[in-house]
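Thank you all for making the time this morning. I would like to walk through one model with you, slowly, and take it region by region.

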Amino acid sequence: MLKVGDTVTVVESKELISMKLGELSGREAVVTSILKKDNNIKGVYLVPMSGRFKRQEWFIPIQSIKSKAMIDRIRSEQILGKAKI
């Protein structure tokens with residue numbers, strides 16, 4: 001589960017490009033707050049750790065975020081899907 005203080009990677013998405021923040025793609029950042037609506041995460045506020053936007057807080061839609069926890073969950077689901085029980 002994504003939480004404040006997590007380090008995430010910003011990935012390219014249509015939403016990020018439309019916000020003219022494509023330069024953040026591939027950068028690591030620290031989550032400062034999480035925006036939820038109806039118990040679903042809509043996006044996060046984060047601070048990039050490098051680049052021109054370093055130390056500035058930005059809102060990034062959830063489609064443009066990749067975290068270690070998310071990757072682990074997807075891998076687990078793939079493994080379970082292939083497992084024969």
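**A walk through the model**

Let me begin near the start of the chain, where Val4, once its neighbours within four places in sequence are left aside, is in contact with Val31, Thr32, Ser33 and Ile34. Please keep in mind throughout that this is a predicted model. Val4 sits in the segment before E1, and with a relative accessible area of 52% it counts as exposed, because the cut-off for that class is over 50%. Its C-alpha atom is 7.8 Å from that of Val30, although 26 residues separate Val4 and Val30 in sequence.

With that corner in view, let me step back to the whole chain. The protein chain has 2 helices and 5 strands, and, read from the N terminus, its elements follow the order β-α-β-β-β-β-α. Taken along the principal axes, the C-alpha atoms fill a box of roughly 50 × 25 × 25 Å. Of the contacts between residues at least 6 apart in sequence, 42% join residues at least 24 apart. Buried residues account for 26% of the 85 residues, while the accessible surface comes to about 6,000 Å², with 53% of that surface belonging to carbon and sulfur atoms. As for charge, there are 16 positive and 9 negative side chains, and the centres of these two sets lie 3 Å apart.

Let me turn to the interior. Which residues of the largest nonpolar core touch the most other members? They are Leu2, Leu46, Ile60 and Ile65, out of 15 residues in that core. Strand E1, residues 7-10, strand E2, residues 28-37, and strand E3, residues 40-48, each supply at least two residues of this core. Leu2 is a good residue on which to centre the view: not counting residues up to four places away in sequence, Leu2 touches Val8, Val31, Ile34, Ile41, Val44, Ile62, Ser67 and Met70. Two of the names in that list, Val31 and Ile34, we have already met as contacts of Val4.

A polar residue deserves a moment here. Is Ser64 buried or exposed? Ser64 has 0% relative accessibility, and therefore counts as buried. Ser64 is placed in the loop between strand E4, residues 58-61, and strand E5, residues 65-67. Leaving aside neighbours within four places in sequence, its contacts are Thr9, Val10, Val11, Ser13 and Leu16.

From Ser64 we can go to another loop position, Gly51, which is found between E3 and E4. Gly51 has 37% relative accessibility and so counts as partly exposed. The C-alpha atoms of Gly51 and Ser64 are 17 Å apart in space, with the two residues 13 apart in sequence.

Next, the aromatic side chains, for which the count comes to 2 aromatic pairs. In the pair formed by Phe53 and Trp58, the ring centres are 4.8 Å apart and the planes stand at 65 degrees, so this pair is edge-to-face. How do the two partners stand with respect to the surface? Phe53, at 10% relative accessibility, counts as buried, whereas Trp58, at 23%, counts as partly exposed, because the limit for a buried residue is under 20%.

I would also like to point out some backbone geometry. Asn39 has a phi near 65 degrees, which is a positive value in a residue other than glycine, and Arg55, likewise not a glycine, has a positive phi of about 70 degrees. Asn39 belongs to the loop between E2 and E3, and Arg55 to the loop between E3 and E4, the loop in which we also found Gly51. Asn39 is exposed, with a relative accessible area of 74%, and Arg55 is exposed as well, at 68%.

Finally, let me relate Asn39 to the last helix. Ala69 lies in helix H2, residues 68-82, and is partly exposed, with a relative accessible area of 34%. Between the C-alpha atoms of Ala69 and Asn39 the separation is 18 Å, for two residues that are 30 apart along the chain.

I will stop there, and I am happy to go back to any of these regions.

Note on methods
Residues numbered from 1 in each chain as written. Predicted model: local features only at pLDDT ≥ 70, side-chain atom pairs only at ≥ 80, totals over all residues. Heavy atoms only, no water. Core = buried A, V, L, I, M, F, W, Y, C linked by side-chain atoms within 4.5 Å. Buried < 20%, exposed > 50% of the residue type's maximum accessible area, 1.4 Å probe, protein only. Helix = DSSP H or I, 4+ residues; strand = E, 2+ residues; numbered from the N terminus. Contact = heavy atoms within 4.5 Å. Phe/Tyr/Trp six-rings, centres within 6.5 Å; stacked < 30°, edge-to-face > 60°. Areas by Shrake-Rupley, 256 points an atom, 1.4 Å probe, with all protein chains shown as cover. Lys, Arg positive; Asp, Glu negative; His and termini not counted. Charge placed at Lys NZ, Arg CZ, Asp CG, Glu CD.
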